[in-house]
Amino acid sequence: MDVLTPEQRHYNMSQIHSKDTKPELIVRKWLWCHGYRYRLHRKDLPGKPDIVLPKYNAVIFVHGCFWHRHNCKYASTPATRKDFWEEKLNGNVERDKVNVRKLIELKWRVLVIWECEIKKWDTALEEKIINFLRLKNNPFVQDDSYDDSQEVFHIAAESEIDYVIEDV
Ligand SMILES: [Zn+2]
């Protein structure tokens, strides 16, 4: 049942879709507090990853469960205009996969953190992030939503790009 007015829905979605969504800020803050330095939304990389850690050859996507169809309770298809939403949301998922593949080809390691994981932030998530960043010499793609998530490839020479130091 769709209980929101179109105006409310538009407001909610513009909030969800804005670049500096709250879940992303939480991740950034945590990274910053733990000494990880990063860049934001690098437009030259496939999918404009939310967080880029050049030192670790790593990118992190913070995905909204609804928009990227996570396998969880927050990802449902709206009851109205179902076909429109199916097509749109499936399109997002396909694009995500293509972007991950391109990033791997460019020797980046990819971590996807889901909004629902951030909502119930716990030590398991912290360990997931720490392990991902620590495994610099054992690159892989980590995303629980894909079956073919384990991908091994050769690591690129460390990038010498300066990264932006940002106060969050
Ligand atoms: Zn989720």
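These are my notebook entries on strands β2, β3 and β4 and helix α3 in a predicted model.

**Entry 1, confidence.** I began with the pLDDT values, whose mean over the protein is 78, with 67% of the residues reaching 70 or more. I then looked for a weak stretch and noted residues 145-168, where pLDDT stays under 50, although the model has 37 contacts beyond four places in sequence for them. Where pLDDT is low, the predicted coordinates should not be read in detail. I therefore leave the contacts of residues 145-168 without further reading, as pLDDT stays under 50 there.

**Entry 2, the hairpin.** I looked up how strand β2 (residues 51-53) meets β3 and found three bridges, with the two strands running antiparallel. Across this pairing, Ile51 stands opposite Ile60 of β3. Four residues lie between the strands of the hairpin, and in this hairpin I noted Asn57, which takes a positive phi near 50°.

**Entry 3, strand β3.** Which residues cover the two faces of β3? I found Ala58, Ile60 and Val62 on one side and Val59, Phe61 and His63 on the other, all of them buried. The strand is thus recorded as mostly covered, with six of its six residues buried.

**Entry 4, helix α3.** I checked the length of helix α3 (residues 82-105) against its residue count: at 1.5 Å a residue, its 24 residues should span 34 Å, and because the end C-alpha atoms are 35 Å apart, the two values agree. Within this helix I noted Asp96, Val100 and Leu103 as buried. After α3 comes Lys107, for which I read a positive phi, near 70°.

**Entry 5, strand β4 and the crossover.** I turned next to strand β4 (residues 109-114), which is mostly covered, six of its six residues being buried. Arg109, Leu111 and Ile113 point one way from the strand, whereas Val110, Val112 and Trp114 point the other way, and all are buried. How do β3 (residues 58-63) and β4 run, parallel or antiparallel? They run parallel and are joined by six bridges. Among the residues I followed across this pairing is Phe61, whose bridge partner in β4 is Val112. The path of the chain goes from β3 through α3 to β4, and I recorded this β-α-β crossover as right-handed.

Methods
Residues are numbered from 1 along each chain as its sequence is written. This is a predicted model: local features need pLDDT of at least 70, side-chain atom pairs count only at pLDDT 80 or more; totals for chains, interfaces and linings use all residues. The expected span of a helix is 1.5 Å times one less than its number of residues. A residue is buried if 20 or more other C-beta atoms lie within 10 Å of its own, exposed if 12 or fewer, and partly exposed in between; C-beta atoms are placed from the backbone. Two strands pair if DSSP finds at least two bridges between them. A crossover is right-handed if, with the strands pointing away from the viewer, the path from the first strand over the helix to the second runs clockwise. pLDDT is the predictor's confidence in each residue, from 0 to 100. Two residues are in contact if their C-beta atoms, placed from the backbone, lie within 7 Å.
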